[in-house]
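Student: Could you take a close look at one loop residue for me, and then work outward from there into its surroundings? I'd like the backbone geometry, the pairing and the packing in one connected story.

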Amino acid sequence: MRFMLFSGRTIRQGNAVESKLSPEYRDATSVLSMTPFDMMEAGLDEGDAVLVSGPGGQVVLTVKADEHLPAGHVFLPYGPYANHLTPTETHATGMPDYKAIPVEVEPAEGKPVTVWELMRDLGGVPHAP
Amino acid sequence: MLLKDVVCPYCACLCDDLDVTVEGNRVTGVDNACDLGAHKFQAGNRLPGPVRPTEKGWDRVSREEAIGFTVDMLLSADRPLIYGWSTTSVEAQSLGIHIAEEIGGVVDATTSVCHGPSILAIQEVGHPGCTLGQVKNRADVVIYWGCNPIEAHPRHLSRYTMYSDGFFLENAFKERTLIVADIRPTESANVADEFVHLKRGGDYAVLSALRAIVRGKTGSIPSHVAGVSRAQLLRIGEVCKNAKYGAFFFGMGLTQTVGKYKNIRNAIELVDELNRHTKWTLTPMRGHFNVYGFNEVCTWVTGYPYAVDFSRGMAFYNPGETTAVDILARKECDACLVVASDPAAHFPRAAVEHLAEIPVVQIDPVVNATTAFCDLQIPVAVTGIDAEGTAYRMDGVPIRAKKILDLGYPADSEILREVYQQIRDRKKVREVKPV
């Protein structure tokens, strides 16, 4: 199913932002909010894994219900999971479309990978003390 | 030991009334801070010293080697990018801009993915700004548009707006009217007197409708504008016109959505219209600690607020071309110095991919997502915790942050000063060599 994704701040994401490699940060930034009706249409239950594909790439997230969202819209906190989907186009402003990302959401297996695994996927070398 | 009036190093509210308890060179208590600020004081995850990746893992290197490596990288690059700056002091920011000028590089800040579009709008139509003190003492109508201060700036309402009594407002909660405009009912919307529930991408149209209403052109307003009823628009228009003093705050719900800087231009022009009736001001809800400081310093030094390219031997500014995301997405830069930010976590995937292909040095206190792309990371003190320095609040008021701990880390400005000095020394050698 197609949705419009917008990303934004949450207090949980903000609390964990100084420790981006922690499970708390992963849990705070890899949860996709959807309306209960859209979840029902997509055959999803709270906590299910979904594969989200956007113009920037694909990422596996878990889903949770948020009855306050507009229908057809999904929300993801700021962070590397959202940015795996975000395109680089800035329309000559320097600012990507963090709040208007067309995505495809489908049921999936597994759970969100760690931030290090996301970075490794992009060619990074995780730090090990 | 109890330290009074400590400045919070988290967001651009720069709350300067924190009580911090320090015992044995460790923070053991934080009072008056919000949850976000308290977490920052107690965060760990610090690197013990400069590190670089090798085939066997991550090795420690000395400070001298680290600075030498950074200087080599910057001097040997054809198109270096220097990026970050939002969580450090203006002293460090000034040095970073001077380094970029010395090496003919591009210097950009997190502004470009935060309130960069706000600056573009302000450059077109001006900034009807004020200090937060004016808002606290005078504003009887407050608008939060496309922002959610309860989650992003948790003390904004209690220090400056709804829950803060002021000189002309003895009972602020009763005397102020709060209007929140957003595409979903947020926590902030729940405490508003009036919630304007917009359709996504409808900000420009609703702002235009309000401008028309304030001008008296009510007949041209259709029954609904981007999901907002005509009746509500007319009601809000009257509330705004009848305000003694209005304060319009906005966030990335305007800067990062469709229309970008044109939305902010329209908001400024609405404030302009309202100023024909009464007094209104507009303030961006800037996010990071000192993201505004970079714009101030960069403007003093170069004439431009961010995204400055020195490759022509002069300052050149063209957001969309000289901004960090665009440069990385075009795979244009061949080295990157990251200071006090984490682009790998906050830039689109395709922009981050280029960081894996070029040498990267990061000057930052903690291990973060960008560490994975570093050829070297130099840990430094956190400005406002174990380093002092000046930062600019979201309304442009400079505030001096204290050093409350001594953990033995250098300030970013110390490292950058050494890098700058070595670059200048080495360039002098190059210049005299042919003679």
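**From one loop outward**

Tutor: Let's start with N32(B), which sits in the loop that runs between strand 3 and helix 1 (35-41) of chain B. Keep in mind that this is a predicted model. Most residues other than glycine have a negative phi. N32(B) goes the other way: its phi is near 80 degrees, a positive value in a residue that is not glycine. As for its surroundings, N32(B) has 19 C-beta neighbours inside 10 Å, so it counts as partly exposed. The cut-off for buried is 20 or more.

Now step back along the chain from that loop. Strand 3 (27-31) of chain B is an edge strand, and the sheet in question is an open one of three strands in the order 1-2-3, with antiparallel pairing. Strand 1 (2-6) of chain B stands at the other edge; each of these two edge strands has a single partner strand, so one side of each is left without a neighbour in the sheet. From one strand to the next, the twist averages 20 degrees. If you want to see the register, look at strand 1 and strand 2 (residues 18-22) of chain B: three bridges hold them in the antiparallel sense, and L2(B) has T21(B) in strand 2 as its bridge partner.

Chain B has a second open sheet worth a look, this time five strands in the order 10-9-8-13-14, with parallel pairing. Here the edges belong to strand 10 (194-197) and strand 14 (279-284) of chain B, each with a single partner strand, so again one side of each lacks a neighbour in the sheet. The twist in this sheet averages 15 degrees from one strand to the next. Inside the order, strand 8 (residues 141-145) and strand 9 (residues 177-182) of chain B run parallel and are joined by five bridges. One of the pairs to pick out on screen is W145(B) with A181(B) in strand 9.

On to helix packing in chain B. Two packed helices are described by the angle between their axes and the distance between the axes. Take helix 10 (residues 203-214) and helix 13 (residues 261-274) of chain B: their axes are 9 Å apart, at an angle of about 15 degrees. That makes this pair roughly parallel, and the crossing is left-handed. On the helix 10 side, the contact includes Y204(B), L207(B) and R211(B), while the helix 13 side includes N266(B), L270(B) and E273(B). The residues of this contact split into seven nonpolar, three polar and five charged.

Helix 10 of chain B also meets helix 11 (residues 230-241) of chain B, with axes that come within 9 Å and cross at roughly 60 degrees. These two helices are therefore oblique to each other, and the crossing is right-handed. A209(B), L210(B), I213(B) and V214(B) come from helix 10, and their partners in helix 11 include L233(B), I236(B) and C240(B). By class, that contact has eight nonpolar residues, one polar and one charged.

There is another positive phi to set beside the starting point. A307(B), which is not a glycine, has a phi of about 55 degrees. A307(B) is in the loop between helix 14 (291-302) and strand 15 (308-309) of chain B. With 27 C-beta neighbours inside 10 Å, A307(B) counts as buried, whereas N32(B) was partly exposed.

Finally, chain A. The contact between the chains takes 44 residues from chain A and 55 residues from chain B. Helix 1 (11-16), helix 4 (80-83) and helix 5 (115-121) of chain A are the elements giving two or more residues to the side that touches chain B. That side of chain A divides into 20 nonpolar, 20 polar and four charged residues. For a strand in chain A, try strand 2 (residues 31-34): V31(A) and S33(A) point one way, L32(A) and M34(A) the other, and all are buried. Strand 2 of chain A runs parallel to strand 4 (residues 58-65) of chain A, with four bridges between them, and V31(A) stands opposite T62(A) there.

Methods:
Residues numbered from 1 in each chain as written. Chains lettered and ligands numbered in written order. Predicted model: local features only at pLDDT ≥ 70, side-chain atom pairs only at ≥ 80, totals over all residues. Axes fitted to C-alpha atoms, helices over the stretch in contact; angles between N-to-C directions. Parallel < 35°, antiparallel > 145°, perpendicular 65-115°, else oblique. Left-handed = near helix turned anticlockwise from the far one by under 90°. Contact = placed C-beta atoms within 7 Å. Nonpolar A, V, L, I, M, F, W, Y, C, P; charged D, E, K, R; others polar. Pairing = 2+ DSSP bridges. Buried ≥ 20, exposed ≤ 12 C-beta atoms within 10 Å, placed from the backbone.
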